[in-house]
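Please walk through this structure with an eye on its aromatic rings, and on what lies around them.

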Amino acid sequence: MKFGIREKVALIVIIAAAVSAYLVATILSKKAAEMLREHELVDLGDEASLRGWVITDRVAGLGEDVGNLGFSEDLQALLVESPDDEEALQLLARRLSTRYFNHHLRIDVVPFLGVKQLAPKVIEEKAVVDPSDLWFPDIETSKDLENLARERLRFSPIQRKRVVRKEFAGEENVERFEPVIWAIAPLGTTMAVPPEELDPNVEPAADTRRFVRIMMTLENSQSPRHLVAMLNSDRSELLTRPDETAGPENPNDKVFMDLARDPQIEDYFIKLKAANILNTVSEKSEDSVRVERFLMRERHRLAQPFYFMEGRPHDKFGRELDSINDDQERKKEFNEFMGDLRDDVFFNGRIGGLRNAVSAIRLLSPSKDQLEVVQKTVDRELEEKFGEKFDGLDWWGKPVVCDEINVWAVRVSVGTADAPNHYLMLYSVLEDELTSSIQHEMRTLRWVAFLLAAGAGIVAFLLSILLIRPLQQMTDTSNRVIEAEPEDFHENLAALSRELPTGRRDEVGDIARASKRVFEEVVSFHSQLEQRVLARTSELHKANFELEEAYEKLMSLNREKDAFVAKVSHDLRQPLTVIFLQIEELLFSDLSDSQKDGLEKIRAQAKRELDLVNDILDYQKIIMGADPLVKEEIDVCGLLGELEEAHRRAAEGKEIVFKKDCADDIGLINADRKRLHQVLNNLVGNAVKFTKEGGVEVAAFAREIVGEKWIEFSINDSGRGMSPEEQAQAFTPFVSTKKDNPTGNGLGLSIAKELVEQMGGNIGFVSELGKGTRFTVMLPREATSDGYDPEKSKINPMEKRHHPIVQKKKQKDKKPDCDTPEPIEDVEDVARSLPVASGSSILVIDDDAAVRELLRRLLEAEGYVVYTAETGEEGLKIAREKKPDAITLDVVMPGKDGWQVLAELKMDDETESIPVIMVSIMAKNAQGLALGVEDFLVKPIDTSRLSKVIRRATSQTPQRNILIVDDDQDSREAFGRLLNEQGWQTTLAGDGTEAIEVLRKTRPAAILLDLHMAGMDGFEFLARVSDDEGLKSIPVIVVTGKNPTADESEFLLEHVENIIQKGDTTAEEVLQTIASRVRQRPGSPA
């Protein structure tokens, strides 16, 4: 049979019917389960009250039993005539204790001689208690004794005592804690007193009394469905625990103690104490007065779960249980068997069921392992008991984890009517056990409903096949139209419309008539559609062409924008460079004080002009998006420390306080380090500038807003503040207060606001004129803004450390007298010709023992003293102690890697000048790492720093010639004059090509290089020099009028002296490289 539309429709009918029936059954079963649960909770309250009545009845029975013994003349006579006949005393006590003899743990007679209590006579003892735990009312005078005898009955409070059961749970002498209550009744007034106990000061005819005393246990068998706890009236002590087999520190005890401290329970017992219920309520029965449930709490969580399992008898065993319930003798025997079974598993769990109306057996244990032990014990004992009649139990698949309870609070009052003691009983049922039992029953109902629906669906399927036959005929006709040739499409549609059963008066006829109208519309629409397609295709081609032109134009404008920014940056700074150099040249000449003062003013104004140019170019680059942000991990406290170091001296100069507030555990923020530092540096600088007294505070706080983590930077000052007019224009570009800030250009806050918003944050302030200003910068901890360049977010290891070497260099450049590192020669021929200096030492840092040993042997063979270190920490220690002439350093090591060790070496004044040779298993780093760039300067030039860099780069080179490469003639000549005055010889070149020609004829001591030039620029020149073995050791000092991009900075930044590739370098090459990098110490042979 072909599975066509009618079959599919019929199948849908089946599935819909089955699913609907299942959903209906599920909904109904859910509602039924809720109703059953509510009914069970109501039953739980009745059970809780019943448990309270059982306790009061047991106490009442205790009173009857002790009264029967006290009034018994036979007992009095037997104690006088045969006090040592223990068997007779026990039989008589059993006969007189008609109610609860099995619960009496101890029966004894307490004699008194005067007010002196003599040794008790034990009649029955099922459990041994410590003598100090034997309860008896305090007797101090004979009047106390008379009052006790006159009362005829007195109960003790319920107490939790340690007892030693002689037989319990199939074991002997079991020590455990149980809730017990004592009852005392007088027994006659005369007795025989042993001579040794006679008091010589008391006449023999003195008053002698005896009292019958019974200790009863209130312990009940533990149910697998309920947890019960009982507390004294002030709820300070658990008299019964929810699990008596648990250890002394069971966390569930605290759960019940916390429940007992519920405010409503507290209020109930306060009112109970204020009004004696037993005396004020006369219309209620005694039971309803002694037992009252008054509060319920649902779904309270346990601290430690229980595990529940239920099993139902199979057919054969089920019939055997039915026959037992019909026979009272067998039923009694089976109940005793279940009691023994309950004792067998007592220390592993609880069992219940298989009796009365409960057809299933239920197990409860505090752990899965104990539950498994109980389950196996039950199966084994039932099989031994019933043999072939036991065909097993149908256990649930998995244990139910029970970690919630529903609790009823019940007040239980016991004791005499005029002096009752009130107790709190918490009676709970396990929520998960309750719902799982209901769900187990409802699951069967749902499957039955599903199967019935599936059967009904099959019938519907067969009927649907007959009813939808005309649709199949229409489908066959449509297939013939589709399979025909396209040119016959219109004729086939006409034929199909004639074959449609349009004359029928049912749903099929409606479909046929509607289809005929559709077919007629299709023929008309088909011709119109072809015309529209042709027109739209033409429009699409035209639009694509225009988009391509617009895209090319946009890309061209973008390239022109980058070129324009670079050219403007270069052209604006170039004249300023000449001005600064001319000023420096004049300052070296013999000038009068007034002339020097005038030059200083010119330099100050030029510096102001330079700052304005820099800010304008920076602002334009930011708003044009010409400098994308770079993601970096930034230490927040470290960043604030840098700000403090940069501005503390200025604050101290103005005699104002500078504070920093940063929690140690604030952690890192992911942002653009350069731009974030620029924003905060501007805000802190303004705060110090505008504060004349008081102080400035810089702080950082971790915040969480709507589930997202942020960092808040706060800059608070006690300066002049801002007026409302100034606040309105605070972030407006080129608006500045000239009164208090004559050198300001009004771009600082505008740049800060734009940068913060590009980083996905917010900036704001609160200010009051005359009192100060507080700026707040909020940034997300994780950088998610679109302003970040994804290609620049993969930060190399040194960038993650914020280029500590560069920071170190910047700090050293600020010092007036810094030691310059010794120069390095880098030519292989020179390296081969240099003899090894006496005592020259090498430090080898590598975690691979084989590598360390190989380098040690090779270097010692060449005459070096070799130190080795396995870890970065050990290497740093040896470097500081020994100060070796060179260091070989592995990149990948456990603990501190090579990058971290290198950073610490270069940050330390004692080790920064030691040449470091990187040894790595990774591919060579970026070209900038090995290009030999000595330093990096930005136009206009700081001449003091320029002099220091040149001296450092050429301090050991006998030559005094400097090659200056710059496309601007004024700059070249100014540099030349400045260096000539310092005793240097200079050679000038207009671009990279001309400089290469100069280098072919002479070898200068150093090269002063501009990066952006016509023809061969500085980057291409550096690459050419680096590839030439004879030129790459010449120190290069970069001078540029444009701030480099991140890629250009990475290209230029020098981290290491050289890189050696493991596995690709021979031992001879390693020695040559080390020899070329060893510093010649003063006094060592050349």
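How many aromatic pairs does a search of the whole structure find? The model is a predicted one, and the search through the whole of it finds 14 aromatic pairs. To read such pairs, it helps to know that a pair of aromatic rings is described by the distance of the centres and the angle of the planes.

Take F317 and F386, whose ring centres are 5.2 Å apart and whose planes meet at 65°; because planes over 60 degrees apart count as edge-to-face, this pair is edge-to-face. F317 belongs to helix α9 (residues 315-326), while F386 belongs to helix α11 (residues 368-386), and therefore the pair ties together parts that are 69 residues apart in sequence. Both F317 and F386 are buried.

A second example is the pair formed by F346 and F347, with ring centres 5.2 Å apart and planes at 90°, so that this pair is edge-to-face as well. As for their surroundings, F346 has a relative accessible area of 13% and is therefore buried, whereas F347, with a relative accessible area of 38%, is partly exposed.

Ring pairs can also be followed from one residue to another, and in this way F317, F334, F337, F386 and F390 are linked into a cluster.

Finally, consider rings that have a charged group over them. The charged end of K126 sits over the ring of F101, at 4.1 Å from the centre of that ring, and the charged end of R293 sits over the ring of W408, at 5.1 Å from its centre.

How values were computed. Residues are numbered from 1 along each chain as its sequence is written. This is a predicted model: local features need pLDDT of at least 70, side-chain atom pairs count only at pLDDT 80 or more; totals for chains, interfaces and linings use all residues. Side-chain values use heavy atoms; hydrogens and water are left out. Rings of Phe, Tyr and Trp (its six-membered ring) pair if their centres lie within 6.5 Å; planes under 30 degrees apart count as stacked, over 60 as edge-to-face and the rest as tilted. Helices (H or I, at least four residues) and strands (E, at least two) are DSSP runs, numbered from the N terminus. Buried means under 20% relative accessible area, exposed over 50%, partly exposed in between (1.4 Å probe, protein chains only). A charge sits over a ring if NZ of Lys or CZ of Arg is within 6 Å of the ring centre and within 35 degrees of the ring normal.
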